[in-house]
Amino acid sequence: MEQKKYFFAVDLGATSGRTIIGSLSDGKFNLEELTRFDNHLIETGNHFYWDIYALYLEIIKGLKLVAQRGINIQSIGIDTWGCDFVYVGKDGAILRNPLAYRDPHTVGMMEKYFDEQISKEKVYEKTGIQFMNFNSLFQIYAMRKAGNVALENANKILFIPDALSYMLTGNAICEYTVASTSQILNPMTGDLDQDLVESLGLKREQFGEMTAPATIIGTLTEEVQKITGLNAVPVIAVAGHDTASAVAAVPAKNEKFAYLSSGTWSLMGIETQKAIINEHSYELNFTNEGGIEGTTRFLKNICGMWIYERCRKEWKDAAAANNSDQTCLGHGELIAEAMKQPAFQSIINPDDAVFANPSSMVEAIKQYCEKTGQHVPESYGEFCRCIFESLALRYRQVFTWLKEFADFDINVLHIIGGGSLNQYLNQFTANSCGVTVLAGPQEGTAIGNIMLQAKASGLVKDIWEMRQIIANSLELKKFEPQDKDAWDAAYEKFLKVKG
């Protein structure tokens with residue numbers, strides 16, 4: 001039997017983080033969660049910050065646990081959310097905690113940038129990235145306009161996973177997939193765009209060297225070795241952007257697939273050899289983000305389980321205030337109630353602006369249905385049925401667009417992430433899109449992180465061997481399309497309601 005190899009993955013989200021041990025042997029992998037912790041936003045001085053030192057400390061805690069247990073890890077890899085970054089001074093010290101993408105300082109900055117620097121059309125032509133006011137391009141521009149002292153004194157600008165790797169190794173890099181979320185990277189050249197960098201009053205050398213996933217950044221510094229009790233363990237640039245790591249873990253057999261990373265937000269896309277940047281992709285606001293081995297993740301962000309989770313929180317808060325029994329508000333109970341309701345009574349567009357962050361999601365759904373002349377949901381089950389069916393219909397719309405853009409026939413849709421556990425939504429998605437759905441893995445991000453470390457260590461040769469190992473280690477659930485006529489009719493209704 002092949003000896004097990006162990007890898008240490010750090011998976012950081014906008015609300016929480018985890019450290020994980022992944023092991024690989026005999027063509028299969030296994031995961032064990034070591035620690036889980038909160039990632040707190042700090043509100044002070046009218047701004048919102050991430051606590052980069054607290055995140056570093058949580059990584060150190062996980063590494064200490066590895067040393068205490070005597071686990072011989074081959075390497076360390078870190079993935080996080082995109083867009084945010086850290087400034088580093090000439091002396092190598094971090095200049096302040098990083099501002100968070102949720103900070104309102106970027107409101108209105110996109111429009112100012114387009115007016116004062118480079119046009120919206122030109123920015124998209126250069127980057128192929130969808131427009132969001134918190135993209136790094138607009139964050140830095142807002143800071144420049146505000147006279148941000150950390151920016152003015154920055155010697156290096158490091159995206160969050162690269163900043164944490166820097167704190168472990170002392171080496172500053174710019175990992176490709178996370179850099180691609182910034183709206184500063186040009187996918188045609190594979191590097192940061194000179195015009196965009198200069199428009200921010202910066203120089204290319206202020207960012208680290210562009211680094212592909214599965215590259216060794218360096219080893220733990222002597223300081224970190226002393227603190228943790230580990231030796232000079234290599235730190236790997238995995239796919240630093242968490243979605244890129246998740247897509248790397250899609251257990252596809254060939255390139256003819258689409259993926260749906262399903263969670264609070266859903267990301268649906270395809271893997272392409274080149275970026276797709278044209279008038280049509282610009283109009284539909286599709287994005288081109290960096291993938292593995294030179295690929296592009298051509299995708300669209302869709303509101304995912306956010307609406308459902310917000311409704312569920314409202315119901316639980318109301319029940320708690322009334323000292324009511326909450327046993328009916330478990331996921332299983334709510335889904336069971338949803339399936340008892342008549343189909344397609346109420347349909348919403350999950351990506352309508354009214355559902356972005358309303359004070360009451362329940363009331364927003366009621367008002368939308370009333371405004372569009374539909375049945376207004378009343379029971380928990382009716383709300384949930386409305387949400388799940390509407391998500392599946394929105395997925396169909398985006399899937400239809402992807403088929404138009406793809407230069408290959410898409411014969412399967414892989415659903416990964418926490419949403420892959422919702423079997424009813426998976427079946428609705430297969431019915432709506434008219435395609436075979438394969439669900440799993442749930443832990444795509446951590447698996448992709450670990451597999452890219454395995455590639456860096458020479459245990460796997462490429463993405464297809466990675467995906468074969470993942471497929472061998474999991475039992476994927478298959479969903480075939482059903483009820484075509486009913487879903488076709490519902491889609492027509494969705495397009496009319498959506499407007």
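**Entry 1. Loops**

I took helices and strands as DSSP runs, numbered from the N terminus, with at least four residues for a helix and at least two for a strand. The model is predicted, and I read every entry below with that in mind.

On that basis I placed proline 441 in the loop between strand S20 (437-439) and helix H17 (444-456). I then looked up the peptide bond between glycine 440 and proline 441 and found it to be cis, with omega about 5°.

I turned next to asparagine 46, which sits in the loop between strand S4 (41-44) and strand S5 (47-50). Its phi is near 65°, and I noted this as a positive value in a residue other than glycine.

**Entry 2. Helix H15 and helix H12**

I looked up the packing of helix H15 (residues 380-405) against helix H12 (residues 306-321). Their axes come within 10 Å and cross at roughly 165°. Angles over 145 degrees count as roughly antiparallel. H12 and H15 are therefore roughly antiparallel to each other. I recorded the crossing of H12 and H15 as right-handed.

Which residues of H12 meet H15? I found Ile307, Tyr308, Cys311 and Trp315 on the H12 side. On the H15 side I listed Tyr380, Phe383, Cys384, Ile387 and Phe388. When I sorted this contact by class, it had 9 nonpolar residues, with no polar and no charged ones.

**Entry 3. Helix H15 and helix H13**

I then examined helix H13 (residues 331-338), whose axis comes within 7 Å of that of H15 and crosses it at roughly 85°. That angle makes H13 roughly perpendicular to H15. From H13 the contact uses Leu334, Ile335, Glu337 and Ala338. From H15 it uses Tyr380, Gly381, Cys384, Arg385 and Phe388. I counted by class 6 nonpolar, 1 polar and 2 charged residues in the contact of H13 with H15.

I also noted that Tyr380, Cys384 and Phe388 of H15 appear both in the contact with H12 and in the contact with H13.

**Entry 4. Helix H15 and helix H16**

I continued with helix H16 (residues 423-433). The axes of H15 and H16 come within 8 Å and cross at roughly 40°. That angle makes H15 oblique to H16. The crossing of H15 and H16 is right-handed.

What does H15 bring to this contact? I listed Arg385, Phe388, Glu389, Leu391, Ala392, Leu393, Tyr395, Arg396 and Phe399. H16 brings Leu425, Phe428, Thr429, Ser432 and Cys433. The residues of the contact of H15 with H16 divide into 9 nonpolar, 2 polar and 3 charged.

**Entry 5. Cavities**

How many cavities of 30 Å³ or more does the whole structure hold? My search of the whole structure returned 2.

The largest cavity has a volume of about 40 Å³. I found it lined by Pro342, Phe344, Gln345, Ser346, Pro377, Glu382, Arg385, Cys386 and Glu389. I sorted this lining into 4 nonpolar, 2 polar and 3 charged residues. Arg385 and Glu389 in this lining were already on my list for the contact of H15 with H16.

For the second largest cavity I noted a volume of about 30 Å³. Its lining consists of Ile78, Pro161, Asp162, Ser165, Ile173, Glu175, Ile217, Ile236, Ala237, Val238 and Gly240. I checked which elements supply at least two residues each, and these are helix H6 (160-169), strand S9 (173-175) and strand S14 (234-237). H6 gives the largest share, 3 residues. By class I recorded 7 nonpolar, 2 polar and 2 charged residues in the lining of the second largest cavity.

**Entry 6. The second largest pocket**

I closed with the second largest pocket, which has a volume of about 270 Å³. It is lined by 15 residues, and I noted Pro251, Ala252, Lys253, Asn254 and His414 as the closest to its centre. Strand S19 (412-416) and helix H18 (463-473) each supply at least two residues of this lining.

Which element gives the most to the lining of the second largest pocket? I found that H18 does, with 4 residues. I divided the lining of the second largest pocket into 8 nonpolar, 4 polar and 3 charged residues.

Note on methods:
Residues are numbered from 1 along each chain as its sequence is written. This is a predicted model: local features need pLDDT of at least 70, side-chain atom pairs count only at pLDDT 80 or more; totals for chains, interfaces and linings use all residues. Side-chain values use heavy atoms; hydrogens and water are left out. Axes are lines fitted to C-alpha atoms, for helices over the stretch in contact, and angles run from 0 to 180 degrees between N-to-C directions. Angles under 35 degrees count as roughly parallel, over 145 as roughly antiparallel, 65 to 115 as roughly perpendicular and the rest as oblique. A crossing is left-handed if the near helix is turned anticlockwise from the far one by less than a right angle, and right-handed if clockwise. Contact means heavy atoms within 4.5 Å. Ala, Val, Leu, Ile, Met, Phe, Trp, Tyr, Cys and Pro count as nonpolar, Asp, Glu, Lys and Arg as charged, and the others, Gly among them, as polar. On a 1 Å grid over the protein atoms alone, a cavity is a set of points where a 1.4 Å probe fits but cannot get out, and a pocket is an open set with protein on both sides within 12 Å along at least five of seven lines; lining residues have an atom within 4 Å of a point. Grid points are joined across faces, edges and corners, and a volume is the space filled by probe spheres set on the points.
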